[in-house]
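Work through the three exercises below with the structure open. Each task is followed by its solution in steps.

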Amino acid sequence: MEPVIPIIILALPLTMFLVLGLFGHKMKHPVAGVLGTAGMGVTMVLAYITAFTYFFSGNPEFIDADTHTRLQAIVFNVDWLAFTDSLVIRLGFLLDPISALLLVVITTISFMVHLYSNGYMRDHHGVWETGFQRFYAFLSLFSFSMLGLVVATNIFQMYIFWELVGASSYLLIGFYYTKPSAVSASKKAFIVTRFADLGFLLGILVLSFYTGTFNFTDFTSTEVAEGVYRVSEGTAEGIRAMIQNSAAPMFMGASVLTWALVLIFMGGMGKSAMMPLHIWLPDAMEGPTPVSALIHAATMVVAGVYLVARLFPLYLMEEASLNIIVVVGALTALYAAMVACTQIDIKRVLAFSTISQIAFMMVSLGVARPEFHHGLGYMAGMFHLFTHAMFKALLFLCAGALIHAIGSNDYTAMHGLRKHMPITHITFLIGCLAIAGIIPFAGFFSKDEILTATLGHSTLWYVWMSLVAGLTAFYMFRLYYLIFWWKEHKVPAGHHAPHDQPWTMTLPLVILAVVSCLAGFVPFGNLVTWNGEEMFESVSFITNLKALDWTVASVSLAVAVVAILLATVMYKKENPLPSKMKNALPALWRWCHHRFYWDELYMFITHKIIFGCISKPIAWFDRHIVDGTMDGIAYVVQRSSYAIRTLQSGNIQKYVWVYLIGALLLGAVTAVCLM
Amino acid sequence: MFSNILIYFVIIPLLMLAGFALCRNDKQIRAVAVTGSIALMALSAWLLVDYLALRKAGETAEMLYTGSWEWFGPLNICLAVGVDGVSIAMLILSSIIVFAGSFASWKIDNARHFFMWLLLLSTGVFGFFITVDLFTMFMFYEVALIPMYLLIGQWGTGRKEYSAMKLTLMLMGGSAFLMLSLIGIYYHSAPEGGQLTWNILEISQNASISKDWQYFLFPMCFVGFGVLGAMFPFHTWSPDGHACAPTAVSMLHAGVLMKLGGYGCFRVAMYLMPEAANDLAWIFLILTGVSVVYGAFSACVQTDLKYINAYSSVSHCGMVLFAILMINTTALTGAIMQMLSHGLMTALFFALIGMIYGRTHTRDIRLMGGLMKIMPFLGVGYVIAGMASLGLPGLSGFVAEMTIFVGSFEHADMFHRTFTVIACSSIVITAVYILRVVGKLLFGPVQDEHHLQLTDATWWERLSVITLIVSVAAIGCFPNFFESLIKFTFSPEIFRAIGL
Amino acid sequence: MEITMLYYLIPSLIMFCCGVYGFITRRNMIAILISLELMLNSVDINFAVFNRFLFPGELEGMFFTLFAIGIAAAETALAIAIIINVFRVSEKIDVSDVTKMKF
Amino acid sequence: MESVGSIIVYVVIALALVVCSVLAVTTRKILRAATYLLFSLFATAALYFKLDYEFLGAVQIAVYAGGIVVLFVFSILLTSHPGDNSAKLASKKRVYGLAGALAMLAVAGYSLVSRASFLTATATGENPVMEEIGMKLMGSGHGEYLLPFEAISVLLLACIIGGVVIARKR
């Protein structure tokens, strides 16, 4: 493939960032908005072209026609920084099923958000938000970084863009920088993910030290032609053997490869908000809602999943690391779902739902084994990533529309909006159905595949995850009813009745709703698998339906329907049931409502321990002990010179005395010696 | 003598000094300062181009543009010059910072004397980087140190006399150690009966310092330079000194002068006494490893902008020495990159702090807030400097730190690993204190209503800041160019003695 | 009896010791100066004596004495000027009182 | 063998020298101290004459006795009231001073006397001719003293100016 289009895909958002960042403040608001949106639109089209070429052109670069295996193609790869001859950071463009998939996801959502923001970032009177141009610049920066991340050809390139998405997320969360809560949220997000990145970095260092390379293709694939690679378990086994034959293959009872993989996964945990590094994501909702939709629901937060998927053949080599992923994912999924049931702020409900859904993907990757249906879990995880991106972005954008109309994040200020905002109502409902896993919406298929894969691995986790799926349906419909039903909407005196938003905001909702309805039918098994091999002989519109494991599907459908019914009973009309529930289980409710006190724990660790017990004492030590020693030396010198200077009294007669005595002694000594 | 391009790095500042003496008003002084610093920039740029061309043409000598002119025969002291990639990198850094510093002190009081001392300081700095004669090097080193006392004592703020005294005395204490070790090196510079020399290249060629003497001289030399490189526990001059120094002096001091320490550690201590360096590195690795984290933690709770930055310098300069002590090509390259990167970004920080302080008349972050709204240019500059400091890709800090980490990781034993991990963990702590100060200073609501009247940067301040930002970004975006410039220097000879 | 060198040197030595005694014990600055002159003078004698007895053909000792006398004159003049100045300021010429310029 | 006259002259001069010196530092009246100094300077001059250094003796009388002592007397008159006795010395201080001086006398005297045998040379040579002194003062060759001469003259000039500056009324 010619590298022109890929280069433009990366360069265009970067150019937009530079142009809007440097000259944006001189532009008129609509110009900046249109420019940013158009730039992203072009990028989206180019990304579609690239992805379609990859999946459907049948080009031998991209697919091995004989074995029906999709290949990895390095479109270009430029040396950026050479540490040693073999350890070289390159900036390149790796095209394979998952990167092509992510290209589509990112550009689509990003374009929707760009479009949507034209409406969102001004108030009801059409007055533009301050920093509107800056907002678009940051969005472009984020898009650039995220695209760079997914097409990375080596792990260090990924780390570079990993950091860049972190920074752009920081800038966007803190977009309303005069608001202290936004500032502290952005700070928290950056520092928590930074801490995770430390693990990622160490993982990279360990891995690269033992293998002498950063390239993904060297870890997981074999070269079949120049620049074209094929995923192979053999290469990963070679890596494992290389580490086992090295001087120190074990460290503290686990193999070095496990350490490296777990450390790298730690980076993923940070970005993907897995417990216990999840605390930044709910706070990140302080950012503008389109940002939450783009970064904190659809794209950046799945980077961790993407990272694990990217190194999946290596993870396969170490059972322990996959088990860790499953455990972390399953715990996080349940935790986040429970917390989501009790939140008041609608964005926070969605944030916890995001955490829970990403945990689904993690579990799915963790349970994937090549022996079971060609690594069904891997495919399911990626599938869920795709569908989730669509319906979660939809939900967030709906939430944005609601917040924009009401001016508050709390559902207590909403209630009964279904008549006032019909489009938002319908699209939100579609989103809820999709995430709850109701056939035929997108979430049903992907979640069902995940549950099938989990069942194939272990029954315990299957039951666990089904429970979480039920909870998901419950809290989503709780939210839905509390926003759109519960009781009649009361318009505060002096306010307009809330209404649907301008087309720039409703159009993305409709598009995403349509996609959420249809995305489930995409024959993913033929597009994205762990080793590129196609799952099905032939595909049609109902391939996914035919491939369903109907036992699992019917169970999960039943669970979802029961959960939705429960939510309907409890929340459709104003009734005392919810508060009764709350009073029946006060401790559970309190813990969930306070998110199991994780934030308090972190506050304690950072403020009391890091600041109070480390930084302050160190600063004191520095001022008083280290510097005190220096000042003390100076003081001693000064005091002793004061003491000595009395000898130099200026009294000439004393001097003569001393001189005389000296001379006499000298004379006496001479005399004695001569005698 | 005057046919050697390197000499002009000393001559131009001296000419500028003469020029200042002749100037009649501030306008002319600024004109001289700008002309001179542009000339220095042009010279270093030209040197870079020419150097690369020579290397491309197949020059393999360790140092290029060598020349030697004796000025004190009985002790064989020469003005010996010569540069390699490392020195050129340092020369470029110095000229950029002198340029930016001139603009940053556009409206200083008593400009004539200020600039004269500043340029005397720069003469010392440039002289230090071009010479390969230990004694001349030491002389230039002292020339660079002394003006600092007057510059801080005269144009400083706060407890300036105390700080100036402390800074000068501590650095002088360091140079006492240094002088001792340099003389020691001189008397072992040649095999029995040979002509003694101060010339670094000849000394390294002779390799005649016995191991016992190396054990004695290396720690002294390393500590001597380490004091200037803010090595724990000899760093306390840095917070006080920087806090009281005027803007351009802080820039030059943190940006360039502290690099003299790192450069000296590399060029003299490691280069001439590699065996001792290899054996004794662990002692200093502990100290520098500690200072990386220690400086970062200290910075977390400071409330004075300059103290924060000074402690961050302790952390970052600790990283330089830490990497030097790793003794392998990658880590050494990283060390030099870190010197470049830290020089530029800390100069940027100090420039911005000076500009903010010039407006708000306070450096206490508790008394400021929401400045981004009031002075967006300075705010954005500060954020960029902060991002460079915490190692955002695309800016210089990332490149340098990653090179250091990868290089340090090449040592597989437990000791090195432990300290590498400790050093790595500083990236988190750095993020903590940088974001803390950015959040308090620039974001949030405006703390003091008087600040609402303040203005954004003037054109000369903008120029100064933009120069530095562009340099930081250039290193961050095209690291391979700089790394290859530096890397060639670490020819196998350095590692010959220690069998690496 | 021969009058040898010793006979000249002994009185000169006594004179010198008187000077030392005076210098140490007196508190009046002028008295100290007088003691100083005594010491100087005794040294002058020694120069002349050594010249005459040991190197009769040369004139070095004599010239040294000559110049010493000149310098003594200069020194005295200056010292007295200072003493008078001190007196003007403090009305005293006691050495133990003049401590203002210490340190 | 010296003539008796010569011995008598010597004894007188030596006695005068010693006695006047002792008195100069022991008297409590400062003006008397100056007078005793004058006499001891005269005795010194006489010693120079005895050694056949006539020019030196003349200079001694003219500069020391004539110039310096007059300066002393002037300054004494300026700075003290007639009839003032200087305070009686603390006996401790006097004893210490005496001990020091005597110790010195003992050490130096012992070393002189114990080596008396080396110091047996007798006075020879002639009174230098005035012309020779003049030539030597003005010459610049070996054993000639133009440079010190000029230096002294500059020194004296500096002294004059210094004296004036220091003592002048403000």
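Two residues are in contact if their C-beta atoms, placed from the backbone, lie within 7 Å. The model is predicted.

**Exercise 1.** Describe the contact of chain C with chain D.

Solution.
- Step 1, count the residues: on chain C 61 residues are in contact with 69 residues of chain D.
- Step 2, find the helices: α1 (5-25), α2 (29-54) and α3 (60-90) of chain C each give at least two residues to the side that touches chain D.
- Step 3, find the largest share: α3(C) supplies it, with 22 residues.
- Step 4, sort by residue type: the side of chain C that touches chain D holds 45 nonpolar, 11 polar and five charged residues.

**Exercise 2.** State the span of helix α18 of chain A, and whether its residues are mostly covered or not.

Solution.
- Step 1, span: α18(A), residues 442-457, has 16 residues and reaches 24 Å from first C-alpha to last. At 1.5 Å a residue, 22 Å is expected, and the computed span is close to that.
- Step 2, burial: 15 of the 16 residues of α18(A) are buried, which leaves the helix mostly covered.

**Exercise 3.** Determine how helices α13 and α16 of chain B pack.

Solution.
- Step 1, geometry: α13(B), residues 329-360, and α16(B), residues 396-408, pack at about 155°, with axes 8 Å apart.
- Step 2, direction: angles over 145 degrees count as roughly antiparallel, so α13(B) is roughly antiparallel to α16(B).
- Step 3, handedness: the crossing of α13(B) past α16(B) is left-handed.
- Step 4, residues: those of α13(B) in the contact include G334(B), M337(B) and L344(B), and those of α16(B) include A400(B), E401(B) and I404(B).
- Step 5, type: this contact divides into 10 nonpolar, 10 polar and one charged residue.

How values were computed
Residues numbered from 1 in each chain as written. Chains lettered and ligands numbered in written order. Predicted model: local features only at pLDDT ≥ 70, side-chain atom pairs only at ≥ 80, totals over all residues. Helix = DSSP H or I, 4+ residues; strand = E, 2+ residues; numbered from the N terminus. Nonpolar A, V, L, I, M, F, W, Y, C, P; charged D, E, K, R; others polar. Expected span 1.5 Å × (residues − 1). Buried ≥ 20, exposed ≤ 12 C-beta atoms within 10 Å, placed from the backbone. Axes fitted to C-alpha atoms, helices over the stretch in contact; angles between N-to-C directions. Parallel < 35°, antiparallel > 145°, perpendicular 65-115°, else oblique. Left-handed = near helix turned anticlockwise from the far one by under 90°.
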